[in-house]
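Me: I would like to go through this structure by asking how each description is justified. Please set the values against the criteria as you reply.

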Amino acid sequence: MKKIVQVALMTALTMGSSMALAVSPKETLNIAFPAGATGFDPAKVSDQYSLNVVSNIYDPLMTYDYLARPYKLIPNTIEAMPTITNGGKTYTFKIKPGIYFAPDPAFKGKKRELVAADYVYSFKRMLDKTINSPQSYLVEGQFVGMDKLVKAAGNGPLNYDTQIEGIKALDKYTLQINLTHVNYNFDTILAMPSFGAVAREVIEANKANTNAHPVGTGPYELKEWRPGSKIELVANPNFRKEVFNFKGNPKDPVSMKVAKEMHGKIIPQVKQVNINIILEEQPTWLAFLNNQLDVTGIPQPALKEALVMNPKNPLDVKLAPKYADKGFQLQRLKQLEITFYFFNMDDPEVGGYTPQKIALRRAIAMAFPRNETIARIRRGQAVPVEYAIPEGVAGYNPNFNMGINFNPAKANALLDAAGYKIGPDGYRMQPDGSPLSVQMGTGSTAIDRQWNEYWQQAFDSLKIKLTFKVGRWSELAKANREGKLQMWGMAWGADYPDGQNFMQMFYGPNKGDANFSGFNLPAYNKDYEETLKLPNGEKRQKLYDKMNRMLAQYGPYIFDDTRVSSIMAHSDVHGLKVNPLITYWRYIEIKK
Amino acid sequence: MLSYIVRRLWQMIPTLLGVMLLLFTLYTLVGGDPSYILAGKSLSAETIASIRTQLGLDKSLPEQFLIFVKQVLTMNFGTSWSTQQPVSEIIRTRIGPSVMLLLTWQLCSLFFSLLFAASVAYYKGSIYDRAVTIISTVAMSISILVYIIAGQYFLAYKMQWFPVYGWGNGFWQNFLLYIPLPLIIGVAVSVAPDTRFYRSCFIEEMNQDYVRTARAKGLSERKVMLKHVMRNALIPIVTGVMSSLPYMITGSVLMERFFGIPGLGNEILKAVNSSDFPVIKAITIYLVIAIMVFNLLADLLYKWIDPRVKLN
């Protein structure tokens, strides 16, 4: 049988084209995404997988130091970090000359240089109504004169030839941005992959399908995209000469090793990136073990097999000997995210700001066995959230504690004191004697059902009726916007590593947008507005602490956990240091 | 015969219209709102409204249905709402892998199950018959997921006979390298129920008077089985095969997900999850047309197999 199969394989190899999933040839990186990308137009996509590809095709003005922790912004296509004037309202960027777009027929055979006007065009596209950019909320109302331009366009395309004060090219290489209000974090927004430069002529030549025709100045260009199946990138022949010169952190041996082995090497060493869309965990894991993939996240079911966990501290892990002996590498990554459940603050039963409603929400939070869900569902690979901003994001406070601990007895006592009496049916009633029943939104997967069991247990311990509204994400999002959900859980990952990206979720005017619960507390709103005028520092931190205390006091959210991922790589992958803000593809090499 | 075919083709029009109306109603009632997916993290009322306008969801329902009718008439379903790829391109690139897997699966399954069914029917009541029946019953009670997970683990990972996962660029590469493992698993799954069904078809025919007559006339067992029994047993078999062929269009979701086959099964699931109505519409319409055409072909085949069948 083995021989027959081998003969078939050989025949296939001779008759077919090159094997996409064979053992990695040098200079080719084989990885997997657990979901397909939706496209590669930086203004049109917002999912993580599309953006990972976008970030390797297009160049934002700034990027992050590959090895530095805490994360550090560095120039990308600019000569130096921007000069910030006008009290934090004006940013001026000097673009490096000699950066070229990847070849494309739209350039009619000429090498096309990146200029300031490309960024002007690209940033304006984010607010074009015909594009409906999912990232538009990041820059809405930010650029001086942009609102007027958008309004003039109505539902049609923007007039890109109209110059505005907010985004302008002062000369071929100088870009100036004038903001409507002070924003010290704007550089972190502009470092997002969505703010990479596109060439207007390419966009106009491929208007019908800009998602499938990405052309940028980044290290890679798109070779092939089979949506839902495969993405192939190859090195951009016009990519500028960049050399690996990141410094390691003496406290982090991995970064020191990477800095040493990659120092002075041309970027990118990997000349082709094959991304396989593998939706299921088992084939991802087996494909990695079979050397069909070079790097992978360890799927949850394989954690016990791949890692040796310290029973007293499951976050203290090392590779299982059978993998360590083969030279496999393990890296750990605490995600820049928080997961949470929220209450609809406009709901007559669970919303509101009166002491009784606060007591109800607090009791529900106290009845939820968070440590148990971390141990069982997350298999110990998560940490509890005690601050609305996660670790690694500017504004995080490791010493803060929300003060909500698992204690069903106290939670029941709190409900008794607040007047939520137990009725004749054995369930609690509202203080006015009317029935009390909470409905929570949920998905339909097996993992969702596991969470639901813990929630059911929590509500049962409080003697409060709980029902679940099962639906797809879009249905639940719609129901939530229409005020038809009382509770729902989700995660928020950092768009950029600044606390403002998290604290805006609780800002009243963002209700119906990123403020899922509709929390609207004037004191919080006032402090939030104050923080926008401040750079990251002691003064802003004090305000963030105060705002976190308000969140703990009013309890519109039940903060859950932050996940810790484990990433494995084969021994021939060099230079790997996972970074949640940028991909490692261009910084590694593969050699035996 | 020709008038029968023309009449059946005419009958397809109201059927198609009915399906369109049903699909449109169902999507409107429970299809979800794609604007909430496309909006990303920004769920402002303005963004949602703008996306709805762009997708044409702000138009009245009759207007939206008329657009659907026009799309069916021109067979142009526009672009996918989630990836902006032309729907025709999605179907063109996905149908090949689906058909390659399911057609070979169907043919192999038919061959092996007919072989087993005919032989066990012939040796009805023997140990061989009982063994095949017991094995079939056990095999039928195991979920396809178990076959896939075990097959992938043992045959691909442990034995290293096949790649765990993947899809290449050339026909032969896919046919010889990537198709065999899902094919073996698929055949293992479907042979058991098919064998049992076909066995009963054969046994029913073998008990008929005409078989006894044929034997009494001194015909060889080979002739009795192949010329008389097989031919008459084929009617329900053809029905089963012809009714399953159209579903080659929809692919096999599980096989595609686990083996990385870029077929239509996954595309349908993705479209449903993202409320991508243009893709759902196109695949449903193509499927309905395929079902109607294969039903017609099945009727014509009945006539060819058994000339006594009348096409009214």
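**Between the chains**

Reply: The count of salt bridges between chain A and chain B is two, and this comes from a predicted model.

Me: What makes the contact of Lys478(A) and Asp33(B) a salt bridge?

Reply: The rule asks for a side-chain nitrogen of Lys or Arg within 4 Å of a carboxyl oxygen of Asp or Glu. The N to O distance for Lys478(A) and Asp33(B) is 3.5 Å, and the pair therefore satisfies the cut-off of 4 Å.

Me: Which elements of chain A supply at least two residues each to the side that touches chain B?

Reply: They are helix 1 (2-15), strand 8 (220-226), strand 12 (272-277), helix 8 (281-289), helix 15 (473-481) and strand 21 (487-493) of chain A. The largest share, seven residues, comes from helix 1 of chain A. By residue class, the side of chain A that touches chain B divides into 28 nonpolar, 20 polar and 13 charged.

Me: How many residues does the contact take from chain A and from chain B, and how much area do the two chains bury between them?

Reply: The contact takes 61 residues from chain A and 57 residues from chain B, where contact means heavy atoms within 4.5 Å. The chains bury about 5,000 Å² between them, with 52% of it on carbon and sulfur atoms. In chain A, Asn132(A), Arg472(A) and Arg481(A) lose the most area to chain B, and together they make up 12% of what that side buries. Across the interface of chain A and chain B, 21 residue pairs are found in polar contact.

**Between the domains of chain B**

Me: What makes Asp299(B) and Arg8(B) a salt bridge?

Reply: The closest N and O atoms of Asp299(B) and Arg8(B) are 2.3 Å apart, and the pair therefore lies within the 4 Å that the rule allows. Chain B is divided into domain 1 (2-74) and domain 2 (87-305), and the count between these domains is one salt bridge. The rule also finds four residue pairs in polar contact across the interface of domain 1 and domain 2 of chain B.

Me: Which element gives the largest share of the side of domain 1 of chain B that touches domain 2 of chain B?

Reply: The largest share, twelve residues, comes from helix 1 of chain B. That side of domain 1 of chain B divides into 14 nonpolar, four polar and two charged residues.

Me: How do you know that the two domains of chain B touch, and how far apart are their C-alpha centres?

Reply: The C-alpha centres lie 32 Å apart, yet 20 residues of domain 1 of chain B are in contact with 16 residues of domain 2 of chain B. The area buried between the two domains is about 1,500 Å², of which carbon and sulfur atoms give 80%. In domain 1 of chain B, Met12(B), Leu23(B) and Tyr27(B) lose the most area to domain 2, together 32% of what that side buries.

**Within chain A, and confidence**

Me: Why is the contact of Asp59(A) and Arg240(A) called a salt bridge?

Reply: Their side chains meet at 2.8 Å, N to O, and the name therefore applies, as the limit is 4 Å. The pair links distant parts of the chain, 181 residues apart.

Me: Where in chain B is confidence lowest, and where is it highest?

Reply: Confidence is lowest in helix 2 (residues 35-38) of chain B, at a mean of 81, and highest in helix 7 (residues 144-158) of chain B, at 93. The mean pLDDT of chain B is 87, and 99% of its residues reach 70 or more. For the complex, the predictor gives an ipTM of 0.81 and a pTM of 0.86.

Key: Residues are numbered from 1 along each chain as its sequence is written. Chains are lettered from A and ligands numbered from 1 in the order in which they are written. Side-chain values use heavy atoms; hydrogens and water are left out. Domain bounds come from an automatic or database domain assignment. Buried area is the accessible area (1.4 Å probe) that two parts lose on being put together, summed over both. A polar contact is a pair of N or O atoms within 3.5 Å; within protein, one must be able to donate a hydrogen and the other to accept it, and residues adjacent in sequence count only if both atoms are side-chain atoms. Helices (H or I, at least four residues) and strands (E, at least two) are DSSP runs, numbered from the N terminus. Ala, Val, Leu, Ile, Met, Phe, Trp, Tyr, Cys and Pro count as nonpolar, Asp, Glu, Lys and Arg as charged, and the others, Gly among them, as polar. pLDDT is the predictor's confidence in each residue, from 0 to 100.
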